[in-house]
Amino acid sequence: MVGISAVIAVSTFGTLNGSMMTAPRIFFAAAEDGMLPQTIARIDPRTSSPTAAVLLMIVMGVIFILVRTFNDLAEQFIIGIWPFYALAVAGVFVLRRTRPRLERPYMTWGYPLVPIVFLVAALFVLGNYLVSETLKFAVDIGIIATGVPVYLAIRRYQRRAPPPAISVRDNK
């Protein structure tokens, strides 16, 4: 029993490490593109890391931990990330069809079988969650879907606002 617990702990910390290395960069990129406040796109001059984005991620993580159980967070992570994994893999098919001459520095291994198997598995995971936890599924998808009107509102505001004098990318 201790061995299984240890494997789960190592897996959890490995996932946490990967998330903490990548997720703040999503906030950073969104801030660079004007979708979040510019302070989040700040790069620490000493460490060359997006410190404000990392702090934002930490604050959000602490809030999530304080209001949800581990199981709730794990379920919400699965339903929150798997649709995007599936969309990214489906994008391989779309790009191969719509842009066949596009340079591809990385080729998808086992194409088209491996991406198809992945998409079927992703649909199975999401469908299983839909059937077994219908209310939670609806709430989670609803939370994700709130990003669409927020995105559209930000884009509308950006079209009205004058362009910034200096871009964050110019300061690198």
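**Pocket and helix packing in a predicted model**

The largest pocket has a volume of about 2200 Å³. The model is predicted.

Trainee: Which residues lie nearest the centre of the largest pocket?
Mentor: Start from the lining, which counts 44 residues. Five of these lie nearest the centre. They are A23, M57, M60, F64 and F77.

Trainee: Which element gives the largest share of the lining of the largest pocket?
Mentor: The elements that give two or more residues are α1 (2–32), α2 (51–67), α3, α5 and α6 (147–160). One of them provides twelve residues, the largest share. That element is α1.

Trainee: How many residues of each class are in the lining of the largest pocket?
Mentor: Nonpolar residues number 31 in this lining. The rest of the split is eleven polar and two charged. In full, the lining has 31 nonpolar, eleven polar and two charged residues.

Trainee: What pattern does the protein chain follow along the sequence?
Mentor: The chain has six helices and zero strands. Its C-alpha trace spans about 55 × 45 × 35 Å along the principal axes. Read along the sequence, the pattern is α-α-α-α-α-α.

Trainee: Are α3 and α4 roughly parallel or roughly antiparallel?
Mentor: Helix α4 covers residues 113–132, and it packs against α3 at an angle of about 150°, with the axes 9 Å apart. Angles over 145 degrees count as roughly antiparallel. So α3 and α4 are roughly antiparallel.

Trainee: Is the crossing of α3 and α4 left-handed or right-handed, and which classes of residue make up the contact?
Mentor: α3 passes α4 in a left-handed crossing. From α3 the contact takes in residues including W82, Y85, V89 and F93, and from α4 residues including F118, L119, V125 and Y129. By class, that contact has 17 nonpolar, no polar and one charged residues.

Trainee: How does α3 lie relative to α5: oblique or roughly parallel?
Mentor: α3 spans residues 70–98 and α5 spans residues 134–145. They pack at an angle of about 55°, with their axes 10 Å apart. That angle makes α3 oblique to α5.

Trainee: How many charged residues are in the contact of α3 with α5?
Mentor: The α3 side consists of D72, E75, Q76, I79, G80 and F84. These meet K136, F137, D140, I141, I143 and I144 in α5. The contact divides into six nonpolar and two polar residues, and the charged ones number four.

Trainee: How far apart are the axes of α4 and α5?
Mentor: This pair packs at an angle of about 120°. That makes α4 oblique to α5. Their axes are 5 Å apart.

Trainee: Which residues of α5 meet α4?
Mentor: From α4 come L126, Y129, L130, V131 and S132. The contact has five nonpolar, two polar and two charged residues. On the α5 side, the residues are T134, K136, F137 and D140.

Trainee: Which peptide bond is cis?
Mentor: Most peptide bonds are trans. Look in the loop between α3 and α4, where P112 lies. The bond there has omega near 0° and runs from Y111 to P112.

Trainee: Which residue has a positive phi although it is not a glycine?
Mentor: Most residues other than glycine have a negative phi. The exception in question has a phi of about 55°. It sits in the loop between α1 and α2. The residue is S48.

Definitions and conventions: Residues numbered from 1 in each chain as written. Predicted model: local features only at pLDDT ≥ 70, side-chain atom pairs only at ≥ 80, totals over all residues. Heavy atoms only, no water. Axes fitted to C-alpha atoms, helices over the stretch in contact; angles between N-to-C directions. Helix = DSSP H or I, 4+ residues; strand = E, 2+ residues; numbered from the N terminus. Parallel < 35°, antiparallel > 145°, perpendicular 65-115°, else oblique. Contact = heavy atoms within 4.5 Å. Nonpolar A, V, L, I, M, F, W, Y, C, P; charged D, E, K, R; others polar. Left-handed = near helix turned anticlockwise from the far one by under 90°. 1 Å grid on protein atoms, 1.4 Å probe; cavity = no way out; pocket = protein on both sides within 12 Å on 5 of 7 lines; lining within 4 Å. Points joined across faces, edges and corners; volume = space filled by probe spheres on them.
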